[in-house]
Amino acid sequence: MGDARASLARTLIYAAAVLLAIAYLVPLAVVVLNSVRSAEEIAQTSMIGWPRAWAFGNYGTAWSEFCIAQTCTGIRPYMLNSALVTVPATVLSTLLGAVAGYAISLWRFRGHAWIFGLVTLGVFLPEQMRLIPWTIVLRDVGLTNTLTGLVMIHTVQGLSFTTLFCRNYYLSIPQDLMKAARIDGAGFFRIFARIVLPLSPPILIVTVIWQFTHIWNEFLYGVTFTTGTQQPITAALIALSASVADIPQHGVQSAAVTIAALPTLLVYLFGGRYFVRGLTAGAVK
Amino acid sequence: MTARSALAGSRRLAEYLVIWVPLLLSAGHVVLFTAWTTWMSFTPSTLLPVNGWVGWRNYTSVLGTRNWQIAFDNLLLFGAGFVILTALTGLLLAILLDQRMRGENLLRSIFLYPMAVSFVVTGTVWSWLLNPGMGIQKLVNDWGWTGFRFDWLIDRDMAIWTIVIAGIWQSSGFAMALFLAGLRSVDGDLIKAAQIDGAGPIRTYTRVILPTLWPIAVAVLVILLQFAIKTFDLVRALTGGGPGLATQLPALVVYDFMFQRGHIGRGSAAAVLMLLTLLFVLVPYGGWKIYQQRRAARG
């Protein structure tokens, strides 16, 4: 009797889990399936359906031919822009954040608590508070509408997150280890290189994944500070959906959306496990 | 001065630069930019920033526009709906995953993957699914149930809930991850003791496990609430703020003032109002955290 009830409960739990999993997968399935359906087929039926004829050509069109705001280059240049912004900004903000986090957590110079408070504030400060100042800074240093400008913005803003992540992680390095190293005559850089950096891979993985997905997915700065073919992929997708509103090309649009989402999905697929572990360890603290 | 001490001196300088440049950049730009935008909100700046003093005029005119009033009302509704439903969904998923099922890793990945996707992608995909002319409604109508209606996207009263739906899909995995970490760190002896006392699985949850989760629940609510206040891309991609002003939110109003109407002064005032809304949530939370730390430190 008790066993029957337990196995019924078990079945219900599995059924609920499977149903929810399907619900979460539907949006992904819809995009991927539409990316290989023709515009006519989608127009005749709906956005939700199995392809009758495989229209793999959508990918070629989306990648290099489709017209976005009168420029018929497909999404290739915008993907390249996003990569050229995301990779340097991720590397720079992670490295600088690691050093800054190390300085705040282990060197405890005067005023470290204040600096840390301000860095934390940077995590929460809305982007809208920074739009006009960044516009003026970009104009004054001559980086308006350039990828270098976006790299600079994302590096500086990303520092808030990377410093915070690294600081929280480095706090668990015992002060005695630091003292011993200093007695041995090791300075700021040598301690960082010999002691701190070898302990860092778990937090650096989290930081890199966080920065990569955030910068790749960022839209507001991209659309505000760049125009035309200098825009990152998120801004291009919005421009593309405006073109699609005139001439329905949902198959090609789906292919573009799939390609645009692929880099972060891959990063998540391969690094997600570490990311969740780090995220939960850091956020629950 | 010997070469040796010159070397030591230049190394010290390098140390100072490496420590202070990133710290000053990350802490300094926060202070400087906040002060800058706040100052701008008191100037008569329109297309270009200018100096001058207009007092509270930008604030009174922003607060007086229908655009801002509707956006703020929408934020209250969206914020409440999104935060509560996302947290509850996340909690449900976490409890489900806590049942030691086979395929747990796969399920966790499925519930989490939306987090890796941009709001632009999420908004675009949900705009298709929820579009009555080509999404779920069209599909069900084609199946033969011609009277079926699911047209919230074009319904002024319901459109805000489409943003909530897409938001839940995107963010509930994050809430789940935090709740799951909490569930897994509950003391095993506590659960055993409850079972020995004859508590069934449901009672064990409601009486023993869930009460230990509330510090995490508060963190989840605060993080989700600040997501809600900053929401911009999702609305741009899903509804564009429409139909009419039905899904307008403060972040869109700021952008509209600054870059579409060319009124930097009012845009800055709206941005400061956004920040104040955010502080209204964060300051009590920060105070509570400090209070807890002090109490823990005392013993």
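This report walks through a predicted model with chains A and B, from the contact between the chains down to single residues.

Before we start, a few ground rules: in this predicted model, local features need pLDDT of at least 70, side-chain atom pairs count only at pLDDT 80 or more, and totals for chains, interfaces and linings use all residues. Residues are numbered from 1 along each chain as its sequence is written, while chains are lettered from A and ligands numbered from 1 in the order in which they are written.

**Chain B and its contact with chain A**

Let's begin with chain B, which splits into domain 1 (1–40) and domain 2 (57–298); such bounds come from an automatic or database domain assignment. The C-alpha centres of these two domains of chain B are 38 Å apart.

Where chains A and B touch, 69 residues come from chain B and 61 residues from chain A. Two residues are in contact here if their C-beta atoms, placed from the backbone, lie within 7 Å. On the chain B side, helix α1 (residues 3–40) gives the most, with 16 residues. Helices are DSSP runs (H or I, at least four residues), numbered from the N terminus. That side of chain B has 51 nonpolar, twelve polar and six charged residues. Nonpolar covers Ala, Val, Leu, Ile, Met, Phe, Trp, Tyr, Cys and Pro; charged covers Asp, Glu, Lys and Arg; the others, Gly among them, are polar.

**An enclosed helix in chain B**

Next up is helix α5 (residues 119–130) of chain B. Its twelve residues reach 16 Å from first C-alpha to last, close to the 16 Å expected at 1.5 Å a residue (1.5 Å times one less than the number of residues). Twelve of the twelve residues of α5(B) are buried, so this helix is largely enclosed by the rest of the structure. Buried means 20 or more other C-beta atoms within 10 Å of a residue's own, exposed means 12 or fewer, and partly exposed is in between, with C-beta atoms placed from the backbone. Among the buried residues of α5(B) are B:Phe119, B:Trp126 and B:Trp128.

**Two packed helices in chain A**

Over in chain A, helix α4 (residues 76–107) packs against helix α10 (residues 201–217) at an angle of about 145 degrees, with their axes 9 Å apart. The axes are lines fitted to C-alpha atoms over the stretch in contact, and angles run from 0 to 180 degrees between N-to-C directions. Residues of α4(A) in this contact include A:Ser82 and A:Ala98, while those of α10(A) include A:Leu204 and A:Trp216. The contact has eight nonpolar, eight polar and no charged residues.

**Some backbone details**

Two residues that aren't glycine have a positive phi:

| Residue | Phi | Place | Exposure |
|---|---|---|---|
| A:Ala69 | about 50 degrees | loop between α3 (57–64) and α4 of chain A | partly exposed, 14 other C-beta atoms within 10 Å |
| B:Arg100 | about 50 degrees | loop between α3 (66–97) and α4 (104–112) of chain B | exposed, 7 other C-beta atoms within 10 Å |

A:Gly142, which follows α6(A), has a positive phi too, near 75 degrees. Within helix α6 (residues 131–140) of chain A, the buried residues are A:Leu131, A:Ile132, A:Trp134, A:Val137 and A:Leu138.

Back in chain B, a cis peptide bond links B:Gly242 and B:Pro243, with omega about -5 degrees. B:Pro243 sits in the loop between α11 (233–238) and α12 (250–260) of chain B.
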